[in-house]
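Subject: Structure handover

Hello,

Here is the structure you were expecting, with notes on its charged side chains below. Please read the notes with the model open.

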Amino acid sequence: MSMCEDCHAMGRFGSCEDLFHVLLALDHQRLAPWGPLHGVNVACYYLQHPSTVPTNTADGQWTMIEAYSTGGLEAVNQIQRRRVAQNRRGLFKPDDATRAPARMHPPRFTIEDLSVDGSFPARGYAARMNTWVSSVLSERSRSSLI
């Protein structure tokens, strides 16, 4: 068991990267509750694990988190549809994203918490995702009370 340097998860069920791969496998089955929230959980993971992605991706991930927090899954789906259409036409250009603020507070909820026991059970998954999004938002807020 070793603590994650990015999010400080304890590693009770493996590394955060291992958990992320388990979650991606569930996502790619395109079944509820995991599949519809794929873009949101990828954004949460990358924002909490900045050492795993290029720094220029944070703004796009932040756009997804803000869209979900203000407009729900439909707002995220609109962003994803636009990105897919642009990619198909070879016209992808990054959104005019709001710049992702720097992390100001440590995570209070991580992928380890989302996983419950390492398996990401369906029961309560949507509520846990909402908690993860809230955690990511509060980590990057001047106030830690979001």
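**Salt bridges and a buried aspartate**

Arg81 and Glu74 form a salt bridge through their side chains, with N and O 2.7 Å apart. Neither partner is buried: Arg81 is partly exposed at 46% relative accessibility, and Glu74 is partly exposed at 41%. Please keep in mind that this is a predicted model.

The count of salt bridges comes to 4. Two others from that set are described next, followed by an acidic residue that has no such partner.

Arg12 pairs with Glu112, and the closest N and O atoms of this salt bridge are 3.3 Å apart. Arg12 sits in the segment before helix 1 and Glu112 in helix 4 (residues 111–115), so this pair links parts of the chain that are 100 residues apart in sequence. The two ends differ in exposure: Arg12 is partly exposed, with a relative accessible area of 45%, whereas Glu112 is buried, at 4%.

Arg103 makes a salt bridge with Glu139, where the closest N and O atoms are 3.6 Å apart. Here the arginine belongs to the loop between helix 3 (58–88) and helix 4, and Glu139 belongs to helix 5 (residues 125–139), so the pair ties together parts 36 residues apart in sequence. Arg103 is partly exposed at 29% relative accessibility. Glu139, at 0%, is buried.

Which residue is buried yet has no salt bridge? That is Asp6, and the nearest side chain of opposite charge is Arg103, 6.0 Å away. Because a salt bridge requires the nitrogen and the carboxyl oxygen to be within 4 Å, the Asp6 and Arg103 side chains do not count as one. Arg103 is nevertheless among the residues in contact with Asp6, and its salt bridge is with Glu139.

What does the Asp6 side chain meet in a polar contact? The partner is the side chain of Ser51, at 2.5 Å. Asp6 is located in the segment before helix 1 (16–27). Beyond its neighbours within four places in sequence, the contacts of Asp6 are Gln48, His49, Pro50, Ser51, Thr52 and Arg103.

For a look at the model, Asp6 with Ser51 and Arg103 with Glu139 can be viewed together, as Arg103 is also a contact of Asp6.

Regards

Terms used
Residues are numbered from 1 along each chain as its sequence is written. This is a predicted model: local features need pLDDT of at least 70, side-chain atom pairs count only at pLDDT 80 or more; totals for chains, interfaces and linings use all residues. Side-chain values use heavy atoms; hydrogens and water are left out. Helices (H or I, at least four residues) and strands (E, at least two) are DSSP runs, numbered from the N terminus. Buried means under 20% relative accessible area, exposed over 50%, partly exposed in between (1.4 Å probe, protein chains only). Lys and Arg count as positive and Asp and Glu as negative; His and the chain ends are not counted. A polar contact is a pair of N or O atoms within 3.5 Å; within protein, one must be able to donate a hydrogen and the other to accept it, and residues adjacent in sequence count only if both atoms are side-chain atoms. Contact means heavy atoms within 4.5 Å.
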